[in-house]
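Trainee: I am new to this structure and should like to work through some of its local features. May we look at it together?

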Amino acid sequence: MTPETEADALLIERVKLGDVRAFEMLVVKYQRRIERLIGRMVRDTDLVQDIAQETFIRAYRAIPKFRGESAFYTWLYRIAVNTAKKALVDLKRDPLVTESARFGRDDDGDETSRVENELTDGETPEALLASKQVAAAVNSAIEALSQDLRQAITLREIDGLSYEDIATVMNCPIGTVRSRIFRAREAIAERLRPLLDTRAGERW
C-alpha cells in the first residue's frame with residue numbers, strides 16, 4: 001500500500017464514521033483531476049463542474065460500500081466516468097474527447113502544454129513548430145481510435161493509471177487492457193510515421 005493509498009484509507013474510515021470534513025479533504029485532493037477527466041469527455045465546459053459535483057455526491061453516498069479492493073481514485077474515477085456518460089446520454093450528446101480538453105486543461109503537469117508554451121535552450125521556432133505538428137498528429141490519431149482504444153490509451157498515457165486500475169475502470173480483463181493499449185499505440189505510430197520520416201533528415 002502506497003503512502004497516498006494509506007492516507008486515503010484513513011480519511012475514508014473517518015468518513016464512514018460520519019466525519020464530513022474528512023470527505024471534504026478527499027474532494028480538495030481529487031477535484032482538479034476529476035474535473036480534467038470530465039473535461040475530456042464533454043464538450044460543454046459549463047457542464048464540467050456540475051458533473052464533478054454530482055460525482056462527489058454519488059461517491060459520498062456510496063462510500064459506506066467502498067471496501068478498498070482498488071485505490072480510492074480508481075473507484076472515484078469509475079463513478080466520474082459513469083456520471084459523465086449518464087449526463088451525456090440525458091443530453092443526447094456523444095462522449096467524445098476534444099483536443100482542447102485533452103491537452104488544454106492540465107495546468108500543473110501537461111507535457112504538451114509545456115512544449116507548446118516554452119522555448120527551452122537550443123530550441124528554435126522551427127523545432128517548436130515541429131513539436132506542435134507532432135502533437136496535432138497525436139491528437140488526430142487518438143480522435144480516430146475506437147472509443148475502447150481511445151479510453152484505454154488515455155487512461156494509461158494521460159492519466160497514468162496502472163494496467164490493473166485500467167482493467168477495473170473499464171471492467172475488463174487485464175489482458176484486454178494490454179491488447180487495447182498495444183493496438184492504440186500501433187495506430188498512433190502508423191499515423192505519426194510519415195511525419196517523423198519526413199523530418200528525420202532535416203536539421204533545425
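Trainee: What sign does phi take at Asn171, just after helix 9, and about how many degrees is it?

Mentor: This is a predicted model, in which local features need pLDDT of at least 70, side-chain atom pairs count only at pLDDT 80 or more, and totals for chains, interfaces and linings use all residues. Residues are numbered from 1 along each chain as its sequence is written, and side-chain values use heavy atoms, with hydrogens and water left out. Most residues other than glycine have a negative phi. Asn171 is not a glycine, yet its phi is positive, at about 55°.

Trainee: Where is Asn171 found, and is it buried or exposed?

Mentor: Helices here are DSSP runs (H or I, at least four residues), numbered from the N terminus. Asn171 belongs to the loop that joins helix 9 to helix 10 (174-199). Buried means under 20% relative accessible area, exposed over 50%, and partly exposed in between (1.4 Å probe, protein chains only). With a relative accessibility of 62%, Asn171 is exposed.

Trainee: Within what arc do the buried residues of helix 9 fall?

Mentor: In helix 9 (residues 163-170), the buried residues are Tyr163, Ile166, Ala167, Val169 and Met170. The arc is taken from the directions between the helix axis and the C-beta atoms. These residues line one face of helix 9, because, seen down its axis, they fall within an arc of 165°.

Trainee: Which residues of helix 9 meet helix 4?

Mentor: The axes, lines fitted to C-alpha atoms over the stretch in contact, come within 9 Å for helix 4 (residues 72-90) and helix 9, crossing at roughly 35°. Contact means heavy atoms within 4.5 Å. From helix 4, the participants are Thr74, Tyr77 and Arg78. Their partners in helix 9 are Asp165, Thr168 and Val169.

Trainee: Is Ile153 buried or exposed, and what is its relative accessible area?

Mentor: Ile153 lies in helix 8 (residues 147-158). Leaving aside residues up to four places away in sequence, Ile153 touches Leu145, Ile158, Ile181, Ala184, Arg185 and Ile188. Ile153 is buried, and its relative accessible area is 4%.

Trainee: How is helix 2 oriented relative to helix 3?

Mentor: Helix 2 (residues 20-39) packs against helix 3 (residues 45-62) at an angle of about 140°, with the axes 9 Å apart. Angles under 35 degrees count as roughly parallel, over 145 as roughly antiparallel, 65 to 115 as roughly perpendicular and the rest as oblique. Helix 2 is therefore, relative to helix 3, oblique.

Conventions
Helix = DSSP H or I, 4+ residues; strand = E, 2+ residues; numbered from the N terminus. Axes fitted to C-alpha atoms, helices over the stretch in contact; angles between N-to-C directions.
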